[in-house]
Amino acid sequence: MKNIAVVADIHLHDLHGGYGLNDGQGRAFAFRTFEDTVASTRVFNESYPALIATLDDIARRGLRDVVLLGDYSDDGQPAAVAALKEILSHYETRHDLRFFATFGNHDCFGPAAREQAKRLNLGEGRSRTLVTSDEGAAPPAIASPFMRGMSTAEAMKAMADCGLVRPKEVFHWETPFGDRTGLDERYPPGGDPTQPDASYLVEPQEGLWLLVLDANVFSKVEGGWQVEANAAWDHVLARRSYLPGWIEDVARRAARLGKTLLAFSHYPALPLALSGKGSEVAAIGTPEWLSRMPSLESGRRLAKAGLRWHFSGHMHVAGHVTLDGLTNIAVPSPVAYPGGYVIVQVENETVDIETVSMPDTPGFNVAFAAYAAETGTAGAPHPMLDATTYEGFLEAHLRQLVITRHLPKDWPELGDCLDAPHGSPSPVLTALEAYYLHRARGLTASATDELALLHSQKMAFGGNA
Ligand SMILES: [Fe+2]
């Protein structure tokens with residue numbers, strides 16, 4: 001039996017004193033703020049205990065090979081990546097784990113590094129400090145070179161030993177570029193050396209081929225570089241003309257040699273919710289969700305190239321969908337509801353996929369005192385801070401996102417209908433929460449019912465369906 005773990009979107013924040021905030025009294029905490037946490041689709045400070053809990057669970061189950069499906073860092077900061085590498089190194093040394101990584105849209109920023117700034121605090125009762133990569137920032141802001149976002153070339157160097165160069169003790173390893181295996185040679189002849197492609201194929205266990213695809217392509221926008229993260233695979237296929245041919249060749253060889261081929265990239269290869277069959281198949285979701293999905297045509301091209309299994313992160317949800325023989329497994333993030341990771345077991349020709357819920361996460365409340373100090377003592381504590389389990393914390397985070405983010409973005413017409421008489425729960429809010437909770441868990445049929453209900457309510461309140 002062959003098996004691997006797939007971990008998506010860890011978004012590791014350097015909790016322990018990076019960014020020049022260590023005050024000399026040992027390893028200080030450097031918390032992201034609660035204000036930023038409630039506005040984001042992920043939690044930040046909890047990434048540290050969540051990664052430890054996930055890797056402990058993987059090691060306890062006796063798994064060895066782990067694919068990191070991109071967005072392994074908070075935002076590609078050298079401090080966050082150094083913290084990640086320290087943790088990975090511990091598990092490599094102590095538990096014999098091996099890591100194979102690809103990039104997400106938060107790990108690297110194309111031909112040039114990206115200037116960034118975040119508000120951090122040093123713990124309970126401490127005021128927020130702006131930490132910026134801008135060397136010329138005036139106090140009280142703190143300038144730190146460890147805050148900027150890495151260029152792709154920097155990220156490739158930093159993660160080189162996570163599969164980007166040929167690892168020791170694997171049965172096979174290659175890139176799309178033949179014998180151009182140097183980190184600075186990962187582009188096709190005549191291509192753009194500043195836009196490398198970090199894709200590779202590796203065989204860590206005999207008979208198991210992991211096709212790890214770098215699906216970040218960048219466009220120049222107003223003097224800077226922007227990753228094409230929405231409908232990413234549409235952009236990848238349009239810009240990397242050599243890629244379908246390589247995938248097809250890999251799939252053909254895998255079939256001939258009796259290898260099980262599993263493909264991985266940060267972005268969905270198929271829309272994550274489909275309705276209908278045959279020529280009636282259509283992607284479903286809210287407009288914002290659909291704008292992030294690839295076209296059906298892209299999925300069909302990847303299926304035609306020979307992919308049968310593709311694992312994606314990016315959307316921070318679980319679930320799976322199949323089209324033309326290609327199944328896309330959405331791997332949940334440890335830092336967004338419902339939390340978790342995926343285990344794949346391969347025996348003979350059978351591929352078995354298990355989505356594992358987040359294990360117990362000791363220390364998930366590491367920042368609660370800082371959050372309480374930030375939000376003040378007046379009024380009831382925020383529901384997230386009432387959570388007694390990590391799963392409960394993630395669920396409370398998503399429930400408040402429904403009000404603060406999803407409702408205004410996706411359903412502005414329904415904002416006036418949340419009040420219910422006699423203190424009973426608002427049916428609109430109940431339907432909204434049910435939709436987003438089901439969507440995060442990949443319960444497509446339930447989410448479709450809730451979506452239809454919300455559309456009917458939107459119609460009733462004068463919106464366009
Ligand atoms: Fe992410």
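**Exercise 1. Where does the largest cavity lie, and why there?**

Task: Place the largest cavity of this predicted model relative to the domains, and describe its lining.

Solution.
- Step 1: start with the count. Two cavities of 30 Å³ or more are present, and the largest holds about 180 Å³ of space.
- Step 2: list the lining. It consists of 19 residues, with L272, A273, W289, R439 and T444 nearest the centre of the cavity.
- Step 3: assign elements. Strand 17 (319–323), helix 12 (427–440) and helix 13 (444–460) each give two or more residues to this lining. Helix 13 has the largest share, with four residues.
- Step 4: assign domains. Residues of the lining come from both domain 1 (2–356) and domain 2 (380–460), so the largest cavity lies between the two domains.
- Step 5: sort by class. The lining of the largest cavity has 12 nonpolar, six polar and one charged residues.

**Exercise 2. The second largest cavity**

Task: State which residues line the second largest cavity and how they divide by class.

Solution.
- Step 1: the volume of this cavity is about 30 Å³.
- Step 2: its lining is made up of G110, T152, T194, Q195, P196, N216, F218 and R240.
- Step 3: by class, two of these residues are nonpolar, five polar and one charged.

**Exercise 3. The largest pocket**

Task: Describe the lining of the largest pocket and explain the position of the pocket relative to the domains.

Solution.
- Step 1: the pocket contains about 630 Å³ of space.
- Step 2: 33 residues line it, and T41, R292, M315, H316 and R405 lie nearest its centre.
- Step 3: helix 8 (287–292), helix 11 (390–410) and helix 12 are the elements that give two or more residues to the lining of the pocket. The largest share, seven residues, belongs to helix 11.
- Step 4: domain 1 (2–356) and domain 2 (380–460) both contribute to the lining of the largest pocket, so the pocket lies between them.
- Step 5: the lining of the pocket divides into 12 nonpolar, 10 polar and 11 charged residues.

**Exercise 4. The iron site**

Task: Identify the protein donors of the iron ion, classify the geometry of the site and trace the donors along the chain.

Solution.
- Step 1: the protein donors are D9 (OD), H11 (NE2), D71 (OD) and H316 (NE2), at 2.0 to 2.3 Å from the iron ion. H316 is also one of the residues nearest the centre of the largest pocket.
- Step 2: the angles among the four donor atoms run from 87 to 175°. Four donors count as tetrahedral if all angles lie between 85 and 135 degrees. The site of the iron ion is classed as irregular.
- Step 3: along the chain, the donors of the iron ion have the spacing D-x1-H-x59-D-x244-H.
- Step 4: D9 sits in the loop between strand 1 (2–7) and strand 2, while D71 sits in the loop between strand 3 (65–68) and helix 3 (78–95), so this pair ties together parts that are 62 residues apart in sequence.

**Exercise 5. A four-stranded sheet**

Task: Give the strand order of the open sheet and find its edge strands.

Solution.
- Step 1: the order of the four strands is 2-5-6-7, with mixed pairing.
- Step 2: strand 2 (31–32) and strand 7 (142–143) each pair on one side only and are therefore the edge strands.
- Step 3: strand 6 (residues 129–132) and strand 7 run parallel and are joined by two bridges. Opposite I142 in strand 7 stands V131.

Technical notes: Residues are numbered from 1 along each chain as its sequence is written. This is a predicted model: local features need pLDDT of at least 70, side-chain atom pairs count only at pLDDT 80 or more; totals for chains, interfaces and linings use all residues. Side-chain values use heavy atoms; hydrogens and water are left out. On a 1 Å grid over the protein atoms alone, a cavity is a set of points where a 1.4 Å probe fits but cannot get out, and a pocket is an open set with protein on both sides within 12 Å along at least five of seven lines; lining residues have an atom within 4 Å of a point. Grid points are joined across faces, edges and corners, and a volume is the space filled by probe spheres set on the points. Ala, Val, Leu, Ile, Met, Phe, Trp, Tyr, Cys and Pro count as nonpolar, Asp, Glu, Lys and Arg as charged, and the others, Gly among them, as polar. Domain bounds come from an automatic or database domain assignment. Donors are N, O and S atoms within 2.8 Å of the metal (3.2 Å for Na, K and Ca); water is not among the atoms, so sites may look incomplete. Four donors count as tetrahedral if all angles lie between 85 and 135 degrees; four count as square planar and six as octahedral if opposite donors are over 155 degrees apart and all others between 65 and 115; anything else is irregular.
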